[in-house]
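New to this one? Have a look at the sequence and the model below, and then we can walk through it together.

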Amino acid sequence: MNTIYLTTSEEDIRRAAEIIKNGGLVAFPTETVYGLGGNALDPEASRRIYAAKGRPSDNPLIVHISEFSQAEPLVKKAGGLQYPEGSRIPEAAHRLAEAIWPGPMTMVLPKAEGVPDATTGGLDTVALRLPANDTARRLIELSGLPIAAPSANLSGRPSPTSWEHVREDLNGRIDAIIKGEPCIGGIESTVVDMTGELPVILRPGLITPERISSVLGVPCSYDPAILGKPEDGLVPKAPGMKYRHYAPKAEMRLFRLKDEASADGHKRLLSAMEAEAEEYRRLGRDVEILCYDSEREAAEKLFSDLRRLDQENADIIFAAALDQSSSIGFSVMNRMLKSAGYNIVEI
Ligand code: TXA
Ligand code: MG
């Protein structure tokens, strides 16, 4: 297949929307990572998405909308929740949407009949997201359809934060790539389950539990499965969280301080990594060090750094662990731990 490259001009977004309407696949920018979009209401388009990514089809896709009213026909009422007059969307979801959308948050809600099982991996819930990116929203609007879009990477590779990353993985496998701006968020949206009485985070992201809790005035917890290691045997409620994601080709190790609170912590971590790297370099191995000044910087750069180090054929990657007591640090560490296959060096 010949992949065409489009700009973010109105004319090109219109072409992209036509491709979606005709059952094709288009990669587009969002504020978190690039998405690989297809008509969410067409099971055939969803199957093509799984095939292009090489992704297991039990891993449901997020459905993207451009305005809140588009969510109504995708959702079904369930017992035990409160609903505003004339809406199938629970009260709490209305309030979260109002406060946070457009933005890097996905809400899981009971699914309406019309949403194909192929899109939701056979689940009776649907994940909805209204992205904070003009090109993404315009594409959805012009196509007149909800757009199913996972991250636009080959399954198992780091999520793409630029169109060049998408090209690396999917050139020749999809109809078009929109050459938008690099993503500012850098990690995928927070996925929050809104089907129960209280909100539960299924995938951590830049929208924190504190933020959700303050909007709703109730506690917001993490799915216990994302707090543990894979060998703890807990099954995550977001099926995608069970796969080894974001893996670079190089062996990766995370360096963490036993005593996180110490004042010169950052410096000590860095010098321990440098010393260890020197040993390996003497043996002729190419060791690269990742050390970020802030959690936001780590979120923005982690995936693109992992891809760059792959291209440079690094043998080993040493990365400084982030402070997991902050919610953003915890979200980025969730990705780093998977990239490193839970390979941790304590110093
Ligand atoms: O930021 C993002 O969310 C990006 C951009 C493109 O919007 N999309 C993204 O999609 O990260 P993907 O497919 O790579 O990850 C979707 C995650 C997976 O972990 C999946 O299991 C979970 O959301 N998910 C989707 N639908 C679900 C549902 N109905 N119930 C529970 N988890 C669901
Ligand atoms: Mg993904």
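What follows is a short tour, beginning with the ligand and moving on to some individual residues.

**Around the ligand**

Keep in mind that this is a predicted model. A good place to begin is ligand 1, which occupies the largest pocket. A shell of 29 residues surrounds ligand 1, and the closest are Thr-32, Asn-59, His-64, Ser-189 and Gly-240. What is that shell made of, in terms of nonpolar, polar and charged residues? The split is 16 nonpolar, 8 polar and 5 charged.

Some of the shell comes from strands. Strand 4 (62–64), strand 6 (125–129) and strand 10 (200–203) each chip in at least two residues. Which strand gives the most to the shell? That would be strand 6, with 4 residues.

Here are some polar contacts that oxygen atoms of ligand 1 make with the protein.

| Residue | Part of the residue | Distance to an oxygen atom of ligand 1 |
|---|---|---|
| Thr-32 | polar side-chain atom | 2.6 Å |
| Ser-151 | N or O atom in the side chain | 3.0 Å |
| Pro-239 | polar backbone atom | 3.3 Å |

How much of ligand 1 does the protein bury? Taken alone, ligand 1 exposes 690 Å², and the protein buries 97% of that.

**Two buried residues with polar contacts**

Back to His-64, one of the residues closest to ligand 1. His-64 belongs to strand 4. Is His-64 buried or exposed? Its relative accessibility is 4%, so His-64 counts as buried. The His-64 side chain also reaches the backbone oxygen of Ile-62, at 3.2 Å.

Glu-31 sits in the loop that runs between strand 2 (26–28) and strand 3 (35–39). With 6% relative accessibility, Glu-31 counts as buried, because that value is under the 20% cut-off. What does the side chain of Glu-31 make a polar contact with? Its partner is the side chain of Arg-129, at 3.0 Å.

**Loops with something to look at**

Now for a few spots in the backbone. Pro-102 lies in the loop between helix 3 (91–100) and strand 5 (105–110). The peptide bond leading from Trp-101 to Pro-102 is cis, and its omega is near -10 degrees.

Next come two residues with a positive phi. Asn-313 is not a glycine, yet its phi is about 55 degrees. You can find Asn-313 in the loop between helix 10 (295–311) and strand 14 (316–320). Asn-313 has a relative accessible area of 56%, so it is exposed.

Tyr-342 is another residue other than glycine with a positive phi, here near 60 degrees. Look for Tyr-342 in the loop between helix 11 (327–339) and strand 15 (344–346). The relative accessible area of Tyr-342 is 25%, so Tyr-342 is partly exposed.

**A pair that meets across the sequence**

One last stop is Thr-208, in the loop between strand 10 and helix 7 (209–216). Thr-208 counts as buried, at 14% relative accessibility. How many residues apart in sequence are Thr-208 and Ser-331? They are 123 residues apart along the chain, while in space the C-alpha to C-alpha distance is 8.6 Å.

Note on methods: Residues are numbered from 1 along each chain as its sequence is written. Chains are lettered from A and ligands numbered from 1 in the order in which they are written. This is a predicted model: local features need pLDDT of at least 70, side-chain atom pairs count only at pLDDT 80 or more; totals for chains, interfaces and linings use all residues. Side-chain values use heavy atoms; hydrogens and water are left out. A residue is near a molecule or strand if one of its heavy atoms lies within 4 Å of it. A polar contact is a pair of N or O atoms within 3.5 Å; within protein, one must be able to donate a hydrogen and the other to accept it, and residues adjacent in sequence count only if both atoms are side-chain atoms. Accessible areas come from the Shrake-Rupley method with a 1.4 Å probe; for residues, only the protein chains shown count as cover. On a 1 Å grid over the protein atoms alone, a cavity is a set of points where a 1.4 Å probe fits but cannot get out, and a pocket is an open set with protein on both sides within 12 Å along at least five of seven lines; lining residues have an atom within 4 Å of a point. A molecule sits in a cavity or pocket if more than half of its atoms lie within 2 Å of its grid points. Ala, Val, Leu, Ile, Met, Phe, Trp, Tyr, Cys and Pro count as nonpolar, Asp, Glu, Lys and Arg as charged, and the others, Gly among them, as polar. Buried means under 20% relative accessible area, exposed over 50%, partly exposed in between (1.4 Å probe, protein chains only).
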